[in-house]
Amino acid sequence: NQNNPFQRGETRRQFIKKSSLAAATVAGAGLLPLRIFAAENKSVIAIVLEPSDALATQQPVQWAAEQFRVEVISRGVAAQICSRLDEVPSSSVCVLATSRDSQAARQLLDAAHISLPDVPEALALAHGRIAKRSVTLAAASDVRGLVFALLELADRVNFSNDRIAALKAVKPISERPANSIRSISRGFNSDVEDKSWFQDRDFWPPYLTMLAANRFNRFNLTLGLGYDFVTGLRDTYFYFAYPFFLSVPGYDVRAVPLPDTERDLNLAMLKFISDEAA
């Protein structure tokens, strides 16, 4: 899908650095106002990120909203990100991403008879009407919770035959994590088996996005854990890690016969992975 910035080689960090609410507002339909865009498309999903909302303006939330928009478009439904609920035509389906304390969130949560606790990563989904508009609510207690809520909606769109119906049929839910830390580890144990994915910049963005969609909040890249002894080793790439990444002034410690170019590439990849996971 060429609409997806991560499918065309753009990293999550690059997207976040250049993204802004104003850019996201017109990302879905060029420079067309939403009302003109809606008039030209029978089904339009509008994703609302209001500038006055403390969570909706955060860059990770804007990234998740773009992920959701791209998923909708890839399923044949027009979608656009906008900044105000009253910009959305009454004929459109609106997804409102907002904090738990916003007036719209309180209205829809009360109507759905659910509450959203003020704890880390809590989220709520509900569907209702605001000012004669059909609104699917994605609300959360913090930035990470709102990212999870938007990626949950993207997942539902992905696995539904009717994208519009999937949003309108959202049942009221309020969730909080059972475990505060949900981590996954990926081990590098062999240069033959593992160097190809470690050095693949196209691998990491979709992989880390998949982890976020499944609500992991920690990622651990482990090096050299394939052995519990230090003699007779055959696969020693990264076992004693720092010479594979750094040349320390004053210390003549090298990984032989590792070329300097590969050592520098390893450090660049480690920085890239760290930035992507941030």
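The exercises below concern a predicted model of one protein chain, each followed by a worked solution.

**Exercise 1. Confidence and overall make-up**

Determine which stretches have a pLDDT below 50 or under 50, and give the overall composition of the protein.

Solution.
- Step 1. The average pLDDT is 85, and 84% of the residues score at least 70.
- Step 2. Residues 1–8 have a pLDDT below 50, and this stretch has 21 contacts in the model beyond near neighbours in sequence.
- Step 3. Residues 13–41 also stay under 50, with 58 contacts beyond four places in sequence.
- Step 4. Where pLDDT is low, predicted coordinates should not be read in detail.
- Step 5. The protein contains ten helices and eight strands. Of its 278 residues, 47% count as buried.
- Step 6. Among contacts with a separation of 6 or more, 67% are between residues 24 or more positions apart.

**Exercise 2. The six-stranded sheet**

Work out the strand order of the open sheet, identify its edge strands, and state which helices pack on it.

Solution.
- Step 1. The six strands follow the order 2-1-3-5-4-6, and their pairing is mixed.
- Step 2. Strand 2 (78–82) and strand 6 (173–175) each pair on one side only and are the edge strands.
- Step 3. From one strand to the next, the twist averages 20°.
- Step 4. Strand 4 (residues 123–130) and strand 5 (residues 133–140) run antiparallel and are joined by eight bridges. Leu123 has Ala140 of strand 5 as its bridge partner.
- Step 5. Helix 4 (residues 59–74) packs on the sheet and touches strand 1 (44–48), strand 2 and strand 3 (93–99). The direction of helix 4 makes about 160° with that of strand 2.
- Step 6. Helix 5 (residues 103–112) also packs on the sheet, where it touches strand 3, strand 4 and strand 5. Its direction makes about 90° with that of strand 4.

**Exercise 3. Strand 1**

Establish whether the two faces of strand 1 are covered or uncovered, and how strand 1 is joined to strand 2.

Solution.
- Step 1. In a regular strand, side chains alternate between the two faces of the sheet.
- Step 2. Val44, Ala46 and Val48 lie on one side of strand 1, with Ile45 and Ile47 on the other; all are buried, and both faces are covered.
- Step 3. Because five of the five residues are buried, strand 1 is largely enclosed by the rest of the structure.
- Step 4. Strand 1 and strand 2 run parallel, joined by five bridges. In strand 2, Cys82 is the bridge partner of Val48.

**Exercise 4. Aromatic rings**

Explain why the pair of Tyr207 and Phe219 is classed as it is, and list the cluster that includes both residues.

Solution.
- Step 1. The structure has 17 aromatic pairs.
- Step 2. The ring centres of Tyr207 and Phe219 are 6.0 Å apart and the planes stand at 80°. Planes over 60 degrees apart count as edge-to-face, so this pair is edge-to-face.
- Step 3. Tyr207 belongs to helix 9 (residues 204–213) and Phe219 to strand 8 (residues 218–223), twelve residues apart.
- Step 4. Tyr207 counts as buried at 11% relative accessibility, whereas Phe219 is partly exposed, with a relative accessible area of 24%.
- Step 5. Phe240 and Tyr242 form another edge-to-face pair, at 5.4 Å centre to centre and 65° between the planes. Tyr242 is partly exposed, at 31% relative accessibility.
- Step 6. One aromatic cluster consists of Phe188, Trp197, Phe198, Phe203, Trp204, Tyr207, Phe219, Tyr237, Phe238, Phe244 and Phe245.
- Step 7. Arg186 lies over the face of Trp197, 4.2 Å from the ring centre. The charged end of Arg201 sits over the ring of Phe272, at 4.5 Å from its centre.

**Exercise 5. Backbone exceptions**

Locate the positive phi values of Ala131 and Phe238, and the cis peptide bond.

Solution.
- Step 1. Most residues other than glycine have a negative phi, and most peptide bonds are trans.
- Step 2. Ala131 has a positive phi near 50°. Its place is in the loop between strand 4 and strand 5, and it counts as exposed at 57% relative accessibility.
- Step 3. Phe238 has a positive phi of about 75°. This residue lies in the loop between strand 8 and helix 10, and counts as buried at 0% relative accessibility.
- Step 4. Val256 and Pro257 are joined by a cis peptide bond with omega about 10°. Pro257 lies in the loop between strand 8 and helix 10 (260–277).

Conventions: Residues are numbered from 1 along each chain as its sequence is written. Side-chain values use heavy atoms; hydrogens and water are left out. pLDDT is the predictor's confidence in each residue, from 0 to 100. Contact means heavy atoms within 4.5 Å. Rings of Phe, Tyr and Trp (its six-membered ring) pair if their centres lie within 6.5 Å; planes under 30 degrees apart count as stacked, over 60 as edge-to-face and the rest as tilted. Helices (H or I, at least four residues) and strands (E, at least two) are DSSP runs, numbered from the N terminus. Buried means under 20% relative accessible area, exposed over 50%, partly exposed in between (1.4 Å probe, protein chains only). A charge sits over a ring if NZ of Lys or CZ of Arg is within 6 Å of the ring centre and within 35 degrees of the ring normal. Two strands pair if DSSP finds at least two bridges between them. Axes are lines fitted to C-alpha atoms, for helices over the stretch in contact, and angles run from 0 to 180 degrees between N-to-C directions.
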